[in-house]
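Visitor: I should like a close look at a single part of this protein, namely one pair of aromatic side chains and its setting. Please describe the pair itself and then place it among the other ring contacts.

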Amino acid sequence: MRSIFRRSKVERDASPSSADDNGLSQSEEKQQAVDVAVASSDLEKIKQAHQWDPNLPKAKLDAVQKAIEDEDANEIVAADRLFTDNSPYEEVRAAVRNVDGGEVANTVRAWVIGLLFVTVASGANMFLSMRTPAINFPAIVTLLLSYPVGCLWAATMPTRVFNTFGVRWTLNTGPFTIKEHVVITLMANVTVGYAYSTDALLALQGKPFYDINLGWGFAFLFTLSSQLIGISIAGTFRRFLVWPSAMMWPNQFSKTSLFHALHDKSKSDEEIRNGWRISQYRYFFYVVMGMFAYYWIPGVIWQGLSVFAFVTWIKPNNVVVNQLFGGFTGLSLIPITFDWTYVTAYLDDPLLAPTHSHVNTLIGLFLLVIIPTIGITYSGALFSEYLPMVTSQTYDNTQTAYTVSKILGDNFTFDLEKYKSYSPLFLSPTLALNYGLSFAALTAALVHAGLYHGKEIWYRFKTARKQEPDIHMKMMNKYEDAPDWWYLALLLSSLALGLGTALGYETQLPWWAFFVSVLLALVFVVPTGMVLAISNILLSLNVVSPFIAGFIIPGRPIGVMIFKVFSVITLGQAQTYSGDLKLAHYMKIPPKVTFWCQVVATIWAVFVQIAVMNWTLGHIPDVCSLEQSAHFTCPNGRAFFSSSIVWGVIGPQRMFGPGSLYVNFNWFWLVGAALPVLLWVMVRKLRINFARHLNAPILLGAMAWLPPATPLSFSSWAIMGLIFNYGIRRRFHAWWSKYNYITAAGLDAGLVISTIIIFFAITLPGVTIPQWWGNVDVYNTLDASYLAILKTVPDGGTFGPATW
């Protein structure tokens, strides 16, 4: 009845009598009535989709609500235009242009250059990932290098048009277009991180580890299936994670800004922004050069600037001072760093994340990590007085690193007698909290999605592409979509490959456990994808997956490892490819082109990565051993091997089961489920406005990366984000809207280039850096030496429980 009444009032507002008074023709009157009716329908969809949107200014939501309640035609049209003329989000308007130039995207040039960079980047990243310290070539390197290559191609290659079996094509379609550039970057994005499954393959094939080689076929099928399942899930769920305007995906803003800057080379802007007139193109390269030169200071000349824990320099041997103010194993209560790598190490560039992410991270860091860690440590709970505060290292009862080989029998089986004569596994206070907060973050994500987005998810399931109005979706509608059956067929075929891999080889993974691993990713893809798309905070199954595997397939370390890959990598790839789909959406790349460039590039990258990995294992002497002369120690494979032993051999039952030291951390499952309910009551029932910006999955999920992250990384990340996205945005808004995201791209690009050159010029050949106080004595502290421990076990002594 209400909708019928509203429609009649809208038509009344646009009635002929009122139209005659304004001198409108009958056709104009009819068009006005139709426009208002459409706008009214739009507002209902907008209200449905954005009522809990933390990134949308409350004023816009209030305008929508008021227009719906007042049922005034002018108000309805005005409110609708807030969402349809351009993106309702200022961040999107600053980084993405609401135009589609119609440039060509699917060209021979884009495919050749794209596959060339896929080959080089995937091979290099795989090779270098096996070395300590590891380094990789991120997507921004490909984005930058492919631009001059594309321009050179356009300038030199012939423009002759060929006709092959009725298909007309050419090597050179003219100037190198922005859409070709995006296609190349989308293809290269699959190589940003080497395939996660190769960590498991290194743990299997490495001689210091399992030393089991199941052959090329297994390696290829295992890697390919885990990658393709992620792509298919991303495409299947794009109606929830890509098409809605609320799914902003802030991690794409630096790329979209950089694309526009590179392809718009004007020297200056006609409009002055807070006194600045320089073009984004020139400004970007100035920032790159500035960061490139600057990073040599904390990277080489004065490395003490990276962790500027000056209080510990004053009192280097005071345990409590080093625990509270240290930046390596301490809580960094005075967080100072002059190293951009520390700021961006775990939560990406802070200039990309919205303000509510920075606030939630600071609150979570203080309430869920710093205060509990202080309480655990100084109360002596969990024997924490014998352990460093912040480290991902696990310990035995002699305060040394836990040696898993001491509890293994034949064929990597668990030996209970050896375990009882050796030691239980001890976790630092922050690592124990890491497990608990990881449990809580995932239950919080599920409950949060149900409470805040349940109706929205159902609405998007029903409407598909006909969702609330969005300028970018409207422009994309002119391109034929990649059919859902393409993604469904890809999902079924990749599942078949994965199941065949699990059953056809000695993987210790039963068929039902394979489906559980994939189902785990499917359950969490929408909740965690929404959190990432809204806040730029990544939630992972990295802890929960082996925890569950250890319970359902105990005593099968290799099976736990395979289970972890098919759950963690599937979810991770789905999140990554969803972001890539949003990049293509923003840049108006035809969906069918996006589908094929992702699939083809992924398949080819798998071939390259497996070939490079097997060549390295077969041709470098002593590869993966700690004594390897060139430092090819396979750090990721080693970590994967140790994790599989801990969860598959010791098992979660002995760590978190009844009677175990960490049994109480199972309460975090309930804490995670309860916190979204509490915040929902505060917002919905108690009408506490500030609670609208608190997000339980962010509060809990960001903290689940700490350790290996340190409080210094998190606090400096949040502070820098607030400086730019709150302080500068409010004080110098015009500057922020034009230069913020291109600043992020420039800082990251300059840092990457500088890091790569330092690695190959100094680190790899072993060149000695300047030996002075700023590079030597700053590390002579208990904090930097991992010795900031309240109690020390005497020689030959132990700590912990008498029996276990």
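Guide: W604 and F607 stand three residues apart in helix 27 (residues 591-619), so about one helical turn separates them. The model in which they appear is a predicted one. Between the two ring centres the distance is 6.4 Å, and a pair is counted when the centres lie within 6.5 Å. The planes of W604 and F607 meet at 40 degrees, so the pair is classed as tilted; stacked would require under 30 degrees and edge-to-face over 60.

As to exposure, W604 has a relative accessible area of 38% and is partly exposed. F607, at 39% relative accessibility, is likewise partly exposed.

The wider setting contains further aromatic contacts, for the structure holds 60 aromatic pairs. Rings also join into a cluster, one of which is formed by Y435, F439, F547, F551, W647, F656, Y662, F665, F668 and W669.

Aromatic rings in this model also face charged groups. The charged end of K564 is placed over the ring of F640, at 4.8 Å from the ring centre. R729 lies over the face of W736, and here the distance to the ring centre is 4.4 Å.

Aromatic residues also take part in a contact between helices. Y281, F284 and F285 of helix 14 (residues 280-294), together with Q280, meet S257, L258, A261 and L262 of helix 13. By class, this contact comprises six nonpolar and two polar residues, with no charged ones. The axes of helix 13 (residues 253-262) and helix 14 come within 8 Å and cross at roughly 115 degrees, and the crossing is left-handed.

Methods:
Residues numbered from 1 in each chain as written. Predicted model: local features only at pLDDT ≥ 70, side-chain atom pairs only at ≥ 80, totals over all residues. Heavy atoms only, no water. Phe/Tyr/Trp six-rings, centres within 6.5 Å; stacked < 30°, edge-to-face > 60°. Helix = DSSP H or I, 4+ residues; strand = E, 2+ residues; numbered from the N terminus. Buried < 20%, exposed > 50% of the residue type's maximum accessible area, 1.4 Å probe, protein only. Lys NZ or Arg CZ within 6 Å of the ring centre and 35° of its normal. Axes fitted to C-alpha atoms, helices over the stretch in contact; angles between N-to-C directions. Left-handed = near helix turned anticlockwise from the far one by under 90°. Contact = heavy atoms within 4.5 Å. Nonpolar A, V, L, I, M, F, W, Y, C, P; charged D, E, K, R; others polar.
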